[in-house]
Amino acid sequence: MSMSGSAYQENTVYSRNRLSGRGLDWSNQPSPYREYPSAIHVPLPTEIAWPTASTRQVMSVSSRTASRLSGLEETAMILHLSGGLTARSGHSGDVFYFRSCPSAGALYPIEVYLASRNLYGLPDGMYHFTVNRFALAELRRTEEVDSGRKEDSAGGPSEDPSVLFLLSAVFFRSAWKYGKRAYRYCLLDAGHLLENLMSALKAGGIRAGLHDSFPDFAAQRAAGIADPRNEGVLAVVEAGASGLYESIIGSAEAPPDVQSGIPEPTPSAVRIETFSEISGVQEGTSVALSPSAPEERENDPSEKRDWIPFPQPTVQETPPFVDAVRARRSKRNFVVGRLRRDTLGLLLHLVFGDDEHGLFDSPRPETGLIVGKVEGVDPGYYALDASRKGMALLKPGDLTSPMAEACLDQMWLANAGVHFVFHADLGRHEQLHGARAYRSLLMKAGRMGERVYLAAAALGLGACGIGAYYDDEAGRILGLKAGERLLYLVAAGAVKR
C-alpha cells in the first residue's frame, strides 16, 4: 500500500479526546542494540585525538578547507560523536546508556553501516557500527561490495581513503511504542544522528557530501537489508575521496540476494509487528528528489513581514564541540525564569550558523520561535529566517502554556524560555520536489532540532524535542494555513542544576 508523505501525516494525526492508547508489551520490548554474533569484529580505538574546534567554530564558522580521511582513529571519532555511548546511569539495578544523539522514547531506531576504501587499519568492505561494543562488524569484503575499486601499476590503491555511511531505521523499535506514527520519529531521529555526523566530519576537517536522492533498493542491498518492511535506509553520506558512492550505490543495477553470505543479526524483538502505513510511506517516498522550478519569492508573504535582526550575543566563546556533544541530554526540568537577550542571540546564531550541506536549501521546513520568557524580547510567535539572520513577530502573547497543552498536556514545557517549531506545507513540497520531499523535510527538522540541542548544551541550557502533539490544535496556535503541519518542536531554556 504505497502512500505519500502528506497522506501518511494526515493518517497519523493525534486529536484530543480521540487519542487511543497503545499498550506496551514489555515482554516484547525491542533491544536498542543490533549485533552480528558470528561476524568478525574490528574494535574501534578508544585513544583518540579529539578535535579541538569550539562549538561556535563547528556550527557557525564556514570551513572551506578539508583534510584527508586517513584511518580507523578518525572513523572512531566520527562514529562516537555521531551516535556513540557518552555516559551511563544506574537506577534500581537498571543501567541506561546515554548516546550522543537524542531519540524519541530512548528507543534508538537508527543503525549505521559503513563501506570503507583505502582506510588505514580497516580492510575494504561493508561494516556495521556495533554501538554497545564500539566495534565494526564485518558484513562483506571489497570484492562483494565495491566493483569500482582502482589500483595503481604496483597493485596498490590509487585513490585517497573514503568511507560511505548509511543510516537506516529499524521501524519496530519505534513502532513498539508509537505504532503507525513511528515513521515520523524515525525520520526525526535520523536527522539527529545525521546532523551529528555532518558536524563531526566538519570538526575533523574532513570533506563530506550528503546524498539525499539515492535509489532505495541499492542502499538496502549494500547494507544487507533483506526486508524493507522492517528496515529502510534513510540517509547516505560520503566522506573523504569521492567515487565510493557511485561504485556501491549510484551505479547499481538489479539488486541481488542481499543476505547471501552476510552474517545474521540478532532479531530486534521476539515478535516483529509490521505496519502497512510505515511500509507504505517508505515505499511511497522512495522516488528520488526532483529538480523544481524557482519558487516565486515575490509571492512569498514572508517578504512583507517586519524583520528584525537576531539579538547580538555579547559573548562569542563556547566550549569545545566534543564537550557539547557529550553534555547533550534531553532535559525537561526547566525553571521559571527569563533567558538573557544575548543568550538567545547566541543560541540563534549557533542554530542558524554556517550551512555547508544543504540544510537551509529547499525543500526545507519553515522555522518559528515561540518566545515565552526572554529579557528584552516581547512574548509571541516569531518567524525565523536563516538567510536574513532575522525574526518577525507573527502573533503576540505568551503561547508557551497553550502549546504545552497541545503537546499532550506536558505542562513542564510552559517553563521553557523558548520553543523552536518546524512546520511545512507537505503537499506543496511534494508537488515541487516529488514524493521524497517528505523524508527530506522531516530529517531536516530533526537536523535543526539537534542543532538546538547542541547549542543549548554549549550554553549550559536544557533542551527537549517533542514529536507528540495534537496536530490540529498545535496548528491553530501557530496560525498555520490549510495544508501546513507542525513537524517537530524543541523547547530550550534554563534548567535546574
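Let's start with the sheet: in this predicted model, 7 strands form an open sheet in the order E1-E6-E5-E4-E7-E9-E8, and the pairing is antiparallel. At the edges sit strand E1, residues 41-43, and strand E8, residues 208-211, each of which pairs on one side only. From one strand to the next, the twist averages 30°.

If you look at the E1 edge, you'll see that E1 pairs with strand E6, residues 135-141, in the antiparallel sense over 3 bridges. One detail to click on there is Pro43, whose bridge partner in E6 is Ala135.

Now, on to the pockets. I'd like to show you the second largest pocket, with a volume of about 900 Å³. It is lined by 42 residues, and the closest to its centre are Gly105, Lys177, Tyr178, Tyr185 and Ala468. Which elements give two or more residues to this lining? They are strand E3 (94-99), helix H5 (171-178), helix H6 (182-203) and strand E15 (462-466). H6 provides the largest share, with 4 residues. Sorted by class, the lining of this second largest pocket comes out as 19 nonpolar, 13 polar and 10 charged residues.

Last stop, helix H15, which covers residues 471-478. Here 6 of the 8 residues are buried, so the helix is largely enclosed by the rest of the structure. For those of you following on screen, the buried residues are Asp471, Glu473, Ala474, Gly475, Ile477 and Leu478. And don't stop at the end of the helix: just after H15, Gly479 takes a positive phi of about 70°.

Conventions: Residues are numbered from 1 along each chain as its sequence is written. This is a predicted model: local features need pLDDT of at least 70, side-chain atom pairs count only at pLDDT 80 or more; totals for chains, interfaces and linings use all residues. Side-chain values use heavy atoms; hydrogens and water are left out. Buried means under 20% relative accessible area, exposed over 50%, partly exposed in between (1.4 Å probe, protein chains only). On a 1 Å grid over the protein atoms alone, a cavity is a set of points where a 1.4 Å probe fits but cannot get out, and a pocket is an open set with protein on both sides within 12 Å along at least five of seven lines; lining residues have an atom within 4 Å of a point. Grid points are joined across faces, edges and corners, and a volume is the space filled by probe spheres set on the points. Ala, Val, Leu, Ile, Met, Phe, Trp, Tyr, Cys and Pro count as nonpolar, Asp, Glu, Lys and Arg as charged, and the others, Gly among them, as polar. Two strands pair if DSSP finds at least two bridges between them. Axes are lines fitted to C-alpha atoms, for helices over the stretch in contact, and angles run from 0 to 180 degrees between N-to-C directions.
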